[in-house]
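Hi,

Here is the model I said I would pass on. Have a look at it first, and then read my notes below.

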Amino acid sequence: MNLAHVLDGLRCASCGTLNALWLDLTRALVECRECGQTALILTDTDEGRSP
Ligand SMILES: [Zn+2]
């Protein structure tokens, strides 16, 4: 069973690679397959906002 979903149109904030991010529902995080950068999705409430 594959619970990973590629996030089309999103760019990695760490390495800048487009379409390299995938959503891992089993671990509730987003991971970049290029640089390995991960980010939890449950606590991300800043989507669409700039600091
Ligand atoms: Zn990356």
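What follows is a walk through the fold, strand by strand, and then through a few loop residues.

First, a word on confidence. This is a predicted model, and the average pLDDT of the chain is 82, with 75% of the residues scoring at least 70. If you rank the elements, E3 comes out with the highest mean pLDDT, 91, while E1 has the lowest, 82. Where pLDDT is low, the predicted coordinates should not be read in detail.

Now the overall picture. The chain has 0 helices and 4 strands, so to speak in order β-β-β-β along the sequence. The 4 strands make an open sheet with antiparallel pairing, in the order E1-E2-E3-E4. Which strands stand at the edges? They are E1 (4-6) and E4 (38-40): each has a single partner strand, so one side of each is left without a neighbour in the sheet. On average, neighbouring strands of this sheet are turned by 25° against each other, direction ignored.

Going through the pairs, E1 and E2 (residues 21-24) run antiparallel and share 3 bridges. On this seam Ala4 has Asp24 of E2 as its bridge partner, and His5 stands opposite Leu23. E2 then pairs with E3 (residues 29-32) over 4 bridges, again in the antiparallel sense. Here Leu23 turns up once more, standing opposite Val30 in E3. The pairing of E3 with E4 is antiparallel over 3 bridges, and in E4 the bridge partner of Val30 is Ala39. If you want to trace a path across the sheet, start at His5, which stands opposite Leu23, step from Leu23 to Val30, and finish on Ala39, the bridge partner of Val30 in E4.

E3 is worth a look for its side chains too. They alternate along the strand: Val30 and Cys32 point to one face and are buried, whereas Leu29 and Glu31 point to the other face and are not. For the chain as a whole, buried residues account for 8% of the 51 residues. As for contacts between residues at least 6 apart in sequence, 2% of them join residues at least 24 apart.

On to the loops. Most residues other than glycine have a negative phi, which is the background for the next two residues. Asn19 is not a glycine, yet it has a positive phi of about 60°. Asn19 is found in the loop between E1 and E2. Is Asn19 buried, exposed or partly exposed? It counts as partly exposed, because it has 14 C-beta neighbours inside 10 Å.

Ala28 is the other one: its phi is positive, about 55°, although it is not a glycine. Ala28 sits in the loop between E2 and E3, a hairpin with 4 residues between the strands. With 11 other C-beta atoms within 10 Å, Ala28 is exposed. The hairpin of E3 and E4 has 5 residues between the strands, and there Gly36 takes a positive phi near 85°.

Last, Leu18. This residue is also in the loop between E1 and E2, and it is exposed, with 11 other C-beta atoms within 10 Å. The C-alpha atoms of Leu18 and Leu7 are separated by 9.3 Å, with the two residues 11 apart along the chain.

That's what I have for now. Happy to go through any of this with you.

Cheers

Methods
Residues numbered from 1 in each chain as written. Predicted model: local features only at pLDDT ≥ 70, side-chain atom pairs only at ≥ 80, totals over all residues. Pairing = 2+ DSSP bridges. Helix = DSSP H or I, 4+ residues; strand = E, 2+ residues; numbered from the N terminus. Axes fitted to C-alpha atoms, helices over the stretch in contact; angles between N-to-C directions. Buried ≥ 20, exposed ≤ 12 C-beta atoms within 10 Å, placed from the backbone. pLDDT = per-residue confidence, 0-100. Contact = placed C-beta atoms within 7 Å.
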